[in-house]
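Thanks, everyone. Let me put the model up and walk through a few local features.

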Amino acid sequence: MGIHFGVDYYPEHWPRERWETDARLMKEMGVQVVRMAEFSWFKMEPAEGEFDFEWLEDAVALLDSYGIKSVLGTPTAAPPAWIIQKNPEIQPIDREGRRRHFGGRHHDCQSNAVYRAHISRFVTAYAKRFADNPGVIGWQIDNELGNSHGDLCMCDSCKRQFQAWLHKKYGTIEALNDAWGTAFWSQGYNHFEQIGTPLLTAVGENPSAMLDWKCFCSDLIVDFAAHQARILREICPNHFITHNFMCFDNKVNYYELAGLLDFVSNDIYPAGHWQKQPHQPDSELAACHDVIRGYKKKPFWMMEQQSGMAGWEIMGRALEPGQMSAWAMQSVAHGADAVVFFRWRTCAMGTEQYWHGILGHSGNPGRTYHEAKRLTETFAKYMEDFEGSMPRPEVAIVHSFRQNYAFDIQPNHPQLGYVEQLQKYYKALYDKKIPVDFVQGMDDLSQYQLVIAPLQYLMTPELEQHYMDYVEGGGNLVLTMRTGVKDATNLCMTDRELPGRLGDLCGIEVPEYDCLLETTGGVLYGKKEYTIEKWCDMITLKGAQQIAEYSTGFYKQTPAVTENKYGNGTAWYIGTEPGEELMEDIMTYITSTCGIETLGTAADGVEMMTRESDEKLWLFVINHTGDEQVYHLHGMYTLLEGEREEFLQPYEVQLFEGYRRRK
Ligand code: GLA
Ligand code: ZN
């Protein structure tokens, strides 16, 4: 029996006498795994070299006696006070040059050699102690790497490592000066030792330097994790290693971090007070799961699945009956092989007193506990079959950390966000019940009928060629505004009009553009006028066909969206950000032209998603709304779970079985 449901557990926060009750209640709920100890360094090493692992061994053994396995976290996101007292230099420096201090978490510099030595000592002892423990199955390295590291760290150690990283990348200082365009504002360097971390300047910053800095920070975090992975792999060859990612968070390149891991895990909190709405829309959550699956092209674990109202100082909305289960099964539908709920019991102390779990402060099983129990009772039997199966979409959206960095540095328009832009394209497909994969541009695209590559801002000759080959060979590609603008080091392209060589692919040129700073614009598509946002590329046709034209601006009646046959395929160019309605209609046109299958029809808020093994296909229909819904499926399926076909109760999850129909 595999492991499919679990909770994040902190036995050290509660009296020992309670542990057995916890284990029993967990077992009755269907819990098969806990994650523990990812913030418990002080409990495990109260003074340098004095280890106390007994309490954790006791907890692992007790849980194991109830059939519950343990994943242990390395607590390196929270070095204890005695380390900080001894080595205050490991605390990070922010952009204003201030040291950030002990008292929260992530108060560590990830390049610091002294801190690495503390980690080596601790993780080695920890791993040895649990290597042969029958209750332990794997490790989580650190916790949410990149979280809280937004503007950290600018210390001298990080500076020296950044200089070394640049030296290795560019070889000579002349090459760096060229790549960074330091002729501007007298920014030339004589040697690498002059280059600092990006402390706050008087005004402005060099976009090329900032891109390298962000890539360096990502490499540093991967290296920080690799250091621990090496220790764990050597001492615990029979345990898996994972890490809890944060959806689209971009401090570390997750494709690269995934390379160190046996599988990727994710944390998701759809309903918190920081969300713009009571909770994040289901389409955005679906995209999170799809990108997580894409980081390693494999099923994943949910290491923290929201189970209660979330908040630190301020709280979000309470979860409605069934909502947690709908979110959990959404994770499964998109490729989660295991769902671990955060957290078992709401904590009575510390910053996260109001981040609610399966049990409330009182520890009595209530509404959430019983909902979780019903969920595992209903779906545990299928989870075994799902394991290893994958969604197999016909459509891919290109995702890139470097593009994301470039737009963080220069958003072009104040509201333009790279991930938000991907989410807009994603939503149009999601609402049509069309499954999507996220891929990197240079991946093999040939398995996809349609590839959507928004904002291909930084361009390389290799990527240009790759896209041209894909379309030449029969692929269908959507490119958008802000494509081919910059080279790999974030300097503007100067050889040709935009979008560079991809202009041949799209049959267009973009000699001018307009930023819709304080206004929206209009487009005529068919006979209808639609709203567009943020940007207008002024397009000259060079063989392409116009699909839609601007209806506003001095460039009205010129092309806004174009279509071009190239080789055996088609390239579309969308020179603006379509408003929701235009997005929907253009995507209907493009997906139907490409013959993309839709799983069914239903209102927004009703999700359809499939996972497939070599023989079987499972279809999930999920109602993310608090209302009854109806739907219709395109295809023959057998209902495995659910009250009534074509009808959904609020937050109901239905499961169907089918057969693979792939052409
Ligand atoms: C994150 C962390 C957890 C916890 C929760 C709630 O996802 O990984 O340790 O802090 O948020 O704040
Ligand atoms: Zn540092």
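Aromatic pairs come first. This is a predicted model, and the count comes to 47 aromatic pairs. Take Phe53 and Tyr126. Their rings are stacked, with 5.6 Å centre to centre and 0° between the planes. Where do Phe53 and Tyr126 sit along the chain? Phe53 is in the loop between helix H2 (41-44) and helix H3 (54-65). Tyr126 is in helix H5, residues 113-130. That puts the two partners 73 residues apart, so the pair links distant parts of the chain. Buried or exposed, for Phe53? Phe53 has 2% relative accessibility, so it counts as buried. Tyr126 is buried too, at a relative accessible area of 0%.

Second pair: Phe245 and Tyr295. This one is tilted, at 5.8 Å centre to centre and 50° between the planes. Phe245 lies in strand E6 (residues 244-245) and Tyr295 in helix H10 (residues 282-296), so the pair ties together parts 50 residues apart in sequence. Both Phe245 and Tyr295 are buried.

Back to Phe53 and Tyr126. They belong to one aromatic cluster, together with Trp41, Phe51, Tyr115, Phe122, Phe130, Trp139 and Phe224. Look at Phe130 in that list. Phe130 is in helix H5. Its relative accessible area is 0%, so Phe130 is buried. For scale, take Phe130 against Trp312. They are 182 residues apart in sequence, and their C-alpha atoms are 33 Å apart in space.

Now charges over rings. Arg482 lies over the face of Tyr513, 4.6 Å from the ring centre. Arg644 does likewise with Phe647, at 4.4 Å from the ring centre.

Next, the metal. Which residues coordinate the zinc ion (ligand 2)? Cys109, Cys153, Cys155 and Cys158, each through SG, at 2.2 to 2.3 Å. The angles among the four donor atoms run from 99 to 118°, and the site is tetrahedral. For reference, ideal angles for four tetrahedral donors are 109.5 degrees. The donor spacing in sequence is C-x43-C-x1-C-x2-C. The long gap is the x43 one. Cys109 is in the loop between helix H4 (81-86) and H5, and Cys153 is in the loop between strand E4 (136-140) and helix H6 (156-170). These two donors are 44 residues apart and link distant parts of the chain. Cys109 is at 0% relative accessibility, so it counts as buried. Cys153 is buried as well, with a relative accessible area of 6%.

Stay with Cys153 for the backbone. The peptide bond from Leu152 to Cys153 is cis, with omega near 0°. There is a cis bond between Phe342 and Arg343 as well, where omega is about -15°. Arg343 is in the loop between strand E9 (336-342) and helix H12 (367-386).

Positive phi values next. Trp185 is not a glycine, yet its phi is positive, near 55°. Trp185 is in the loop between H7 and helix H8 (207-235). Its relative accessible area is 57%, so Trp185 is exposed. Lys534 has a positive phi too, about 70°, and is not a glycine either. Lys534 is in strand E16, residues 528-541. At a relative accessible area of 8%, Lys534 is buried.

Now one helix, H17, residues 580-593. What end-to-end span should its 14 residues give? At 1.5 Å a residue the expected figure is 20 Å, and the end C-alpha atoms are 20 Å apart, which agrees. The buried residues of H17 are Leu582, Met583, Ile586, Met587, Ile590 and Thr591. Down the axis of H17 they fall within an arc of 145°, so they line one face of the helix. The background is simple: an α-helix has 3.6 residues a turn, so residues three or four places apart point the same way. After H17 comes Gly595, with a positive phi near 70°.

One last residue, Ala175. Ala175 is in helix H7, residues 173-180. Its relative accessible area is 27%, so Ala175 is partly exposed. Ala175 and Lys424 are 249 residues apart in sequence and 38 Å apart in space, C-alpha to C-alpha.

That's my tour. Over to you.

Key
Residues are numbered from 1 along each chain as its sequence is written. Chains are lettered from A and ligands numbered from 1 in the order in which they are written. This is a predicted model: local features need pLDDT of at least 70, side-chain atom pairs count only at pLDDT 80 or more; totals for chains, interfaces and linings use all residues. Side-chain values use heavy atoms; hydrogens and water are left out. Rings of Phe, Tyr and Trp (its six-membered ring) pair if their centres lie within 6.5 Å; planes under 30 degrees apart count as stacked, over 60 as edge-to-face and the rest as tilted. Helices (H or I, at least four residues) and strands (E, at least two) are DSSP runs, numbered from the N terminus. Buried means under 20% relative accessible area, exposed over 50%, partly exposed in between (1.4 Å probe, protein chains only). A charge sits over a ring if NZ of Lys or CZ of Arg is within 6 Å of the ring centre and within 35 degrees of the ring normal. The expected span of a helix is 1.5 Å times one less than its number of residues. The arc is that of the directions from the helix axis to the C-beta atoms. Donors are N, O and S atoms within 2.8 Å of the metal (3.2 Å for Na, K and Ca); water is not among the atoms, so sites may look incomplete. Four donors count as tetrahedral if all angles lie between 85 and 135 degrees; four count as square planar and six as octahedral if opposite donors are over 155 degrees apart and all others between 65 and 115; anything else is irregular.
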